[in-house]
Amino acid sequence: MDKYDLIVVGMGPSSIFLAYELIQKKKAKNVLLIEEGKPVEKRYCPVEKKGECMKCKPFCNITSGFSGAGAFSDGKLSLYNKEDEDIYVGGNLHKYIGVEKTKELIDYADNVYLKFGADKHLEGTEYKEEVYKLKKKAKKEDIDLIGIPIRHLGTEKSHEIYKKIQDYLEENNVEMMYETVVEDLLIENGKITGVKIHKANNKEEKEKLLAKKVVLAVGRKGADWLSKMCEKYKIKTEPGEVDIGVRYELKDEVMKDVNKYLYEGKFIGRPYPFRDKVRTFCQNPSGFVSEEVYDDGLSLVNGHSYKDKKSTNTNLAILVSHNFKDPFNKPIEYGKNVAKNLNELGNGSVLVQRLGDIRRGKRTWQEELENNDVKPTLKSAVPGDITFAIGYRTMTDILRFINAMDKVVEGFADPHNLLYAPEIKFYSNKVFIDKNFETSIKDLYCIGDGGGMTRGLMMASASGIQMARNLIKLEKKEEK
Ligand SMILES: Cc1cc2nc3c(=O)[nH]c(=O)nc-3n(C[C@H](O)[C@H](O)[C@H](O)COP(=O)(O)OP(=O)(O)OC[C@H]3O[C@@H](n4cnc5c(N)ncnc54)[C@H](O)[C@@H]3O)c2cc1C
């Protein structure tokens, strides 16, 4: 059996930027990328045509396939402010390699996106004075506002850009195996020796592939699988967290200043009494709320916006971070249970409720939704009562945050605004990695969102570039 120099599990941004960088350094020979989803041009979400989520089998096209969660993402590349001494958005890469190096990698990755056709225009750079005033106003409500430059690819443009990158990897002979699930790792004496795979549509057709090194780049989609691997092989982890919340939809007109000045405002609060971190995330001006399905059939909500096609609503996530320690430390399980209960109330779909109805202690009915000021952009969402299942603590955090935000952005707490649930960001327990991103298993590495290192397109891409450089450095060392 031939042995690969490197196998990378997953083909999200972290993996494909790893491959891109290996090509630049002429080190992409004998490298295999494995992905359970399809090539980018075959990824298609039927919800727009059918009006409801079809729960595509074997995998959801939104979360799986070449470019990972990136292909259908809104494609907001979060950059950084030159004057900032820290990195505030996108995860923890800088905690491993330092702030300056992370900034360099972000510039490098940004240039790659530009080379493959990203829009040259940067959002969030023109209105310094207005942003400063907004920050001050937010601070009075004990809310921090983080404003950074954003490069907006747009959902349809993301597809084009990632297709070009896919072609580029193919032209440079990077081997890519699609519709293939890595079901297990092969580990002997504390060292990785390969992976066990099966075809996505045939679990019986199994095969072992040997490799000198393996990189896990499985994203949030693979977080649950990664957690199981960590448990099975005693791969060292640190307690992780889960972000649970709602997708909030309101009129563009309410958000017009934030949209204009920042495109995406990242507001962070710690409301009483719990003082949990509550933050806005993934803001989509004139965007659309979307649905994504996870392996065990759970329907979660998300959002995106196109470059050309526009709605008259803005949507954004309001997320509460939860940690667990003793005796329960399974954040993914907790999140899945919340999602399951919410889905059951929605007959398998995402729930939607008006803010005013939550305040009045009642569910939302279809007729009320149809006559509501804010028209839902996710037509498949089922009107109901989120408060039955989201948890008192999470709901209290969200409502208090919305009230405080209303003093910063007038109309943020309008009773017609819509809450969709569940919006959940799963991360595996944080995989313990060293400065080369190596796990406690020799020659097994972990990058991107899956292991808890990153939380966005840009940082995931940067982690892949750094992984490639680490591997080259290690190879040189081993050759000596
Ligand atoms: C709708 C939506 C909108 C988003 N919008 C933005 C945005 O505007 N800006 C932003 O910064 N971020 C956004 N994100 C998040 C962003 O897409 C992720 O942070 C990023 O894609 C993470 O990259 P990754 O390489 O770590 O993992 P992913 O992109 O998640 O890729 C992991 C891949 O691994 C595959 N995989 C997992 N397990 C296995 C296995 N066992 N075998 C084979 N394959 C496997 C999965 O199918 C997947 O394709 C959005 C996400 C979604 C879903």
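A residue is called buried if 20 or more other C-beta atoms lie within 10 Å of its own, exposed if 12 or fewer do, and partly exposed in between, with C-beta atoms placed from the backbone. The views below come from a predicted model, in which local features need a pLDDT of at least 70, side-chain atom pairs count only at pLDDT 80 or more, and totals for chains, interfaces and linings use all residues. Residues are numbered from 1 along each chain as its sequence is written.

**View 1. Tyr-20 in helix H1.** Tyr-20 lies in helix H1, which spans residues 13-24; helices (H or I, at least four residues) and strands (E, at least two) are DSSP runs numbered from the N terminus. Tyr-20 counts as buried because it has 24 C-beta neighbours inside 10 Å. Leaving aside residues up to four places away in sequence, Tyr-20 touches Val-112 and Ile-165, where contact means that the C-beta atoms of two residues lie within 7 Å. Asn-259, which is 239 residues away from Tyr-20 along the chain, has its C-alpha atom 33 Å from that of Tyr-20.

**View 2. The whole chain and its two domains.** The chain has 13 helices and 21 strands, and its C-alpha atoms fill a box of roughly 65 × 50 × 45 Å along the principal axes. Of the 480 residues, 52% are buried. Among contacts between residues at least 6 apart in sequence, 77% join residues at least 24 apart. The domain assignment, whose bounds come from an automatic or database source, gives domain 1 as residues 3-118 + 153-238 + 430-479 and domain 2 as residues 128-150 + 241-426. The centres of the two domains, taken over C-alpha atoms, are separated by 27 Å, and the contact between the domains takes 27 residues from domain 1 and 25 residues from domain 2. On the side of domain 1 that touches domain 2, strand E3 (76-78), helix H6 (155-171) and helix H7 (223-233) each supply at least two residues.

**View 3. The end of the sheet that begins with strand E4.** An open sheet of eight strands follows the order E4-E12-E13-E16-E11-E19-E17-E18, and its pairing is mixed; two strands are taken to pair if DSSP finds at least two bridges between them. The edge strands, each pairing on one side only, are E4 and strand E18 (382-383). Strand E4 (residues 143-146) pairs with strand E12 (residues 266-269) in the antiparallel sense over four bridges, and Ile-146 has Lys-266 of E12 as its bridge partner. On the pairing of E12 with strand E13 (residues 278-284), there are two bridges, again in the antiparallel sense, with Ile-268 standing opposite Arg-279 of E13.

**View 4. Strand E19 and its partners E11 and E17.** Strand E11 (residues 241-251) is joined to strand E19 (residues 418-426) by seven bridges, and these two strands run antiparallel. Asp-243 has Lys-425 as its bridge partner in E19, while Ile-244 stands opposite Ile-424. Strand E17 (residues 351-354) pairs with E19 over four bridges in the antiparallel sense, and here Leu-351 stands opposite Ala-421 of E19. E19 is mostly covered, since nine of its nine residues are buried.

**View 5. Helices H5 and H12 against the strands.** Helix H5 (residues 128-140) lies across E4 and E12, and runs at about 155° to E4; such angles, from 0 to 180 degrees, are taken between N-to-C directions of lines fitted to C-alpha atoms, for helices over the stretch in contact. Helix H12 (residues 392-406) packs on the sheet and touches E4, E11, E12, E13 and strand E16 (313-323), with a direction that makes about 135° with that of E16.

**View 6. The buried residues of helix H7.** In H7, the buried residues are Ala-223, Asp-224, Trp-225, Leu-226, Ser-227, Met-229 and Cys-230. These buried residues pack against several elements, among them strand E7 (180-188), strand E9 (202-216), helix H9 and strand E19. After H7 comes Lys-234, which has a positive phi near 55°.

**View 7. Lys-325 in a loop.** Lys-325 is found in the loop between E16 and helix H9 (331-345). With 7 C-beta neighbours inside 10 Å, Lys-325 counts as exposed. Although their positions lie 85 residues apart in the numbering, Lys-325 and Gly-240 are 9.2 Å apart in space, C-alpha to C-alpha.
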